[in-house]
Amino acid sequence: MLRMLSGCLGMLLLSQLALAEPPDGYPFVSFDAGLRLAKEQKRPIFLYFGRFGCGWCDKTNKEAFSDAALRKLYTKNYVLVYVDSESGKRLRLPSGERITEADLGVRYKAFATPLFLFMLPDGTEIARIPGVKTTQDFLDYDRYMSGAYYKSQTLMQFLAGKS
Amino acid sequence: MRGLWAFSLMLICLATVAAPWVFDPPILVSHDPAEHAFFHLESAGRKSIAVSGGWVAVTWEDNRDGVSRCYVAVKAPGKNVFGAEIRVSGEHEAFEPAIVGLGQGRFTVAWEEAGQIQARMLAADGLGKSIILAPAEAAQVSLGYAQAGGLFAVWSGKGKAFWRVRAARLLPGASGALKAGRASVIEPGKIEGDQSYPSVAVVDAKKLVVAWEDRRAGHTRILSSVSQDGGARFAAPQPVNDAIWRGQMGGFGRGTGVMRVVLSNYGPHGVAAVWADKRDFLAGYDVYAAFASGPAYKFGANEKAQDDFGNEIAQWHPAIGANRQGTVAVVWDDDRDGTPDIWLAWRSASGWSDNLAVPGASGPGVQSDPAIVLDDANNLHLAWVEKADLNSPSRIRYVMGRWVGEKK
């Protein structure tokens, strides 16, 4: 019990230390909480690697994620996970390993932000999308995921063939 | 085309031959065979390895018993094996241990445990009693020592609105005793953003330089400050990294990023810094260094420490080893050869060397998270994390580079 309490205390402290910039109004959670939620709810994960002060992230937040319909759609369809790729906030991987958000960024090669990933509820990576995106882009990605097109084609193939 | 290839290969070979160190075969630091343990070298200031009178000590965190705890292993002078791991942290989850050598085989190790910062002495006769440097809401401790200036710890602690860097003098006593002086904030008064991941270099009597990550500008910067009175008061912060922001983003965002500054003493009275710098933001972080001396200890021109072959990929976990003879070496990990390896660059009168994949710390699998220290004879001591792939259980290895450069 004491161990659990000290672990929770540590996580709470470092969650305060980390200063992240997810878009307003979205229920983003931490990576480990997101993996748990996705398994429980059998929902796919939308993972957003950002960086404090990142211009491309800010642009995407203000010009794409500000769309009310997109906010509603992504909140409904995905477990939303935000990772500050420079943060020392700690998380626990399914293996039991404790690492920082910054080192999660190393493992996912999140060297340029924003980086967006769609994942299945078990954490399997489906699509990896770097850079500034529009509301329409995110709507297209949602059609790819919600329609399960990833079972038969890559995101690039899907986007090339969309009407 | 074939001639160009041969010429490139010759240049690479020449660079290898020109390295001023010859590397021993690497050895294991951590002997625990736990199949599901994950080892981390990740202290603030990357102070995970230290030398002291011929002794070498490495400190790390692992979860061999299911709980993250801090350990240290020590290699005696002339030996080619590390002794058994010694647990330094207590009963709670503990992270990011840092270590510094005090001479004559004595070390000080500090770590974060359940929100506290703790520290204790380590010597051949065992561990001293642990003391608490910060009682709550603190993290990311680092250490610095110089014979003339003494021993200091720096860490980030929760303030009213933001986390802020604090420093305290530590006083090693006889029989493993350790006392802490009063902690001072680096920047008294109101601050406008979190201060984190500090590193400290003790330069001379009562003179120390602290650098840290600072978020007051709306993006992360590296700032530094010098104290001339033994850590009681610090000068106004100065920028270390160049603020590169071209303003082409139409008002979006605040600037590029930096991560994890590391300080080391350099030359008789100077300080060297290295950090991960995202000014070239499309290719990820690069390794940049700068040097400071003079009364104000203002850091000079930012120098890219990596060579051009690393430009298009990201570098991670830079660390710097330097000494009072003026030898300086920088290490980091990147995967330019397909998998993460430890890369080394050193600085001479003509500038930074070509990069060398450290023998024994490169090749198949993952070699990452290096920590480095140079001894007074310019020998290089390097520890790193080794694993089969990025998410595998891991272990810690060590290699010594014996100085074969010119006598200083």
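Start with chain A as a whole: among its contacts (heavy atoms within 4.5 Å) between residues at least 6 apart in sequence, 63% join residues at least 24 apart. The model you have open is predicted, so local features need pLDDT of at least 70 and side-chain atom pairs count only at pLDDT 80 or more, while totals for chains, interfaces and linings use all residues. Side-chain values use heavy atoms, with hydrogens and water left out, residues are numbered from 1 along each chain as its sequence is written, and chains are lettered from A and ligands numbered from 1 in the order in which they are written.

Now colour chain A by secondary structure. You should find 7 helices and 6 strands, where helices (H or I, at least four residues) and strands (E, at least two) are DSSP runs, numbered from the N terminus. Follow the chain along its sequence and the pattern reads α-α-β-α-α-β-β-β-α-β-β-α-α.

Next, switch on the surface of chain A. It exposes about 7,200 Å², with 58% supplied by carbon and sulfur atoms; the area comes from the Shrake-Rupley method with a 1.4 Å probe, and for residues only the protein chains shown count as cover. Of the 163 residues in this chain, 54% are buried, meaning under 20% relative accessible area, with exposed over 50% and partly exposed in between (1.4 Å probe, protein chains only).

Then select A:Cys54 and A:Cys57. Their sulfur atoms lie 2.3 Å apart and form a disulfide, a pair of cysteine sulfur atoms within 2.5 Å. The link is right-handed, with 85 degrees about the S-S bond. Over all chains, the count is 1 disulfide.

Are these two cysteines buried or exposed? A:Cys54 is buried because its relative accessibility is 1%, and A:Cys57 is buried at 1% as well.

For a last stop, select B:Cys70, which is buried with a relative accessible area of 0%.
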